[in-house]
Amino acid sequence: VQVSCHARACRARDPAGNHQIRVGLRRLQMALNSFGGGTPALKALGKRGRILANAFGRARDLDVFASELLPRLTKRFPDNESFAALQLAVRHARGEIWDDALAEILNPEFGTFLNDVAAVSEELPHNGTRIVKLSRRVLGELHAQAKKRGKRARGEYDPHTHKLRIALKKLRYAAEFFAPLYGARRATRYIRSLKSLLAELGAANDAH
């Protein structure tokens, strides 16, 4: 739903729409991994989702660079011709990469993918007892993985820190999926902590 709802905003070249589509596709990956049991059909669907997410990723990276990172430097050096040339180059590059992202939205495969996801959602388990057991296993595994990644992370943003960020993203998405199964206050506090940490790591990733 998140992906399809923001497709219109993406068609209007709204960076927020592009970002939400990517987030939706990442959440879909987590849902397939959590509920799907690794069947060949769901693995294939997940692969298609990853390809789409990567297609929108380049536009997202340049959006962040152009709107958040580059302006901070150009303000410090307003008369520097190199920064003016860089801004022009970024503007052209964004136009080309956004054309690629829009081509993905307009591709009939995009609609087919959304239909296939909707069909799969009808087949996911709905048994309450099974869901609770599944949530404990999935959250436990993801929490352990995040702790393992965290032990290797250092003060600078390096490949270990990047892996930690990815592990925490997976943990956050899974925690949001399963939150209704647990106490509202406890789940909200846990997810809020994850969001805060991910915001810091996200800013470090953008700068990196």
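In this predicted model, Leu25 makes contact with Val3, Gly49, Leu52, Ala53, Phe56 and Phe113, when residues up to four places away in sequence are left out of the count. Leu25 also belongs to the largest nonpolar core, a set of 27 residues in which Leu25, together with Ile21, Phe56, Ile105, Phe110 and Phe113, ranks among the residues with the most contacts inside the core. At least two residues of this core are supplied by each of helix 2 (7-11), helix 3 (15-35), helix 4 (40-76), helix 5 (81-106) and helix 6 (108-121), and the largest share, nine residues, comes from helix 4. Another core, which lies apart from this one, has 25 residues, including Met30, Phe35, Ile191 and Leu194.

The largest pocket holds about 840 Å³ of space and is lined by 29 residues, of which Arg22, Arg26, Arg165, Lys169 and Tyr173 are the closest to its centre. Helix 3, helix 4, helix 8 (159-178) and helix 9 (184-207) each contribute at least two residues to this lining, with helix 3 giving the most, eight residues. Sorted by class, the lining of the largest pocket comprises 12 charged, nine nonpolar and eight polar residues.

The second largest pocket, with about 500 Å³ of space, is lined by 19 residues, and those closest to its centre are Val1, Gln2, Leu28, Val117 and Ser121. Helix 1 (2-5), helix 3 and helix 6 each provide at least two residues of this lining, which by class consists of 14 nonpolar, four polar and one charged residues.

Technical notes. Residues are numbered from 1 along each chain as its sequence is written. This is a predicted model: local features need pLDDT of at least 70, side-chain atom pairs count only at pLDDT 80 or more; totals for chains, interfaces and linings use all residues. Side-chain values use heavy atoms; hydrogens and water are left out. A nonpolar core is a set of buried Ala, Val, Leu, Ile, Met, Phe, Trp, Tyr and Cys residues joined through side-chain atoms within 4.5 Å. Buried means under 20% relative accessible area, exposed over 50%, partly exposed in between (1.4 Å probe, protein chains only). Helices (H or I, at least four residues) and strands (E, at least two) are DSSP runs, numbered from the N terminus. Contact means heavy atoms within 4.5 Å. On a 1 Å grid over the protein atoms alone, a cavity is a set of points where a 1.4 Å probe fits but cannot get out, and a pocket is an open set with protein on both sides within 12 Å along at least five of seven lines; lining residues have an atom within 4 Å of a point. Grid points are joined across faces, edges and corners, and a volume is the space filled by probe spheres set on the points. Ala, Val, Leu, Ile, Met, Phe, Trp, Tyr, Cys and Pro count as nonpolar, Asp, Glu, Lys and Arg as charged, and the others, Gly among them, as polar.
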